[in-house]
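Welcome, and thanks for taking a look at this one with us. Please open the structure below and keep it in view as you read.

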Amino acid sequence: MTRQVSKRVWLTLAGVGLVIAGSTGMSHAASSDTKSPLSPRGFLIAFRDDAPLRTRLQFLQRMGLENDPQFQSRRFARVRAVPNGKARSMAGPQALAALRSDPAIRVVEPDFEISLSAVPNDPDFSALWGLENTGQGGGTPDCDINASRAWDVTQGSSQITVAVVDTGVDYNHPDLRDNILRDGQGKIVGYDYYNMDADPMDDQSHGTHCAGTIGAVGNNGIGIIGVSPRVKIMPMKFIGANGSGPVSAAIQCIDFAVQNGARVISNSWGSGGSSTLLREAIQRAQAAGVVFVA
């Protein structure tokens, strides 16, 4: 039954185009690539498996591009224009057309920005009527997810890890710290791919808000309770304090979460562009049996 439900959720998301991945008819690159110059962050390039490294480097050099040494991924590269190089003067469509002309390249797309989804800021939002609605604030009684009845059955399990791919998580928050995933030495299992370090602290608050909704500790006399107050939260950061981050970092977060045992990945963000490489990361998660929530 669990597998059937997971697959049904996946198909539903795919049917609406995966809000964060754009339309279902993706081919090579983001839909906005014809309107913008070479991305400040560069292009993401996935080579064909049989393309030798020497061929890859020679082509990039001919194009006036260089590999970004700060970006590490075994599946694709982030390339940028060499100062005063050939690609610097090329408009987005010209650069993309030239890159796509090489048979060694499988996918090329701009490393475009992804932004947070909106969160209501009204003061009564914390009343959590969605969990148990008694008509507070003039609402409709029982228009909720029946959380209290669900908790009679289960409050979740510390054996289940939910990765919050977002702005990071305040792992010192009194309503979250006991549910943060840690290894045997007490080290947080998570990563910050925005700043490229192992400290996924939230500097924006959106990820902490999402983590609290998912798994804030219950029955501790503090703040709120999460929908599943006994799960473990894996803090993942790819969005900065300005509310946006690169698609390349989102992909790395997803792969990290899958490789480190997440069973569910929460993604409260979106973009107007579409990305083949992001779609492939989501498909890898689905193939591993992970529920991907957009």
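What follows is a short tour of one sheet, one helix and one loop.

Please keep in mind that this is a predicted model. Its open sheet contains five strands with parallel pairing, and the loop between β7 and α5 holds two residues, M196 and S205, that each have a positive phi without being a glycine.

**The sheet**
- Across the open sheet, the strands come in the order β7-β8-β6-β10-β12.
- The edges are taken by β7 and β12 (291-293), each with a single partner strand, so one side of each has no neighbour in the sheet.
- Strand β6 (residues 161-166) runs parallel to strand β8 (residues 232-237), and six bridges join the two.
- Within this part of the sheet, V165 stands opposite M236 in β8.

**The helix across the sheet**
- Helix α5 lies across β6, β8 and β10 (264-267).
- The angle between α5 and β6 is about 155 degrees.

**The loop between β7 and α5**
- M196 sits in the loop that links β7 (191-192) with α5 (206-215).
- The phi of M196 is positive, at about 55 degrees, although the residue is not a glycine.
- M196 has a relative accessible area of 32%, which makes it partly exposed.
- S205 is found in the loop between β7 and α5 as well.
- S205, also not a glycine, has a positive phi of about 95 degrees.
- With a relative accessible area of 48%, S205 is partly exposed; it falls short of exposed because that label requires over 50%.

Notes
Residues numbered from 1 in each chain as written. Predicted model: local features only at pLDDT ≥ 70, side-chain atom pairs only at ≥ 80, totals over all residues. Heavy atoms only, no water. Helix = DSSP H or I, 4+ residues; strand = E, 2+ residues; numbered from the N terminus. Buried < 20%, exposed > 50% of the residue type's maximum accessible area, 1.4 Å probe, protein only. Pairing = 2+ DSSP bridges. Contact = heavy atoms within 4.5 Å. Axes fitted to C-alpha atoms, helices over the stretch in contact; angles between N-to-C directions.
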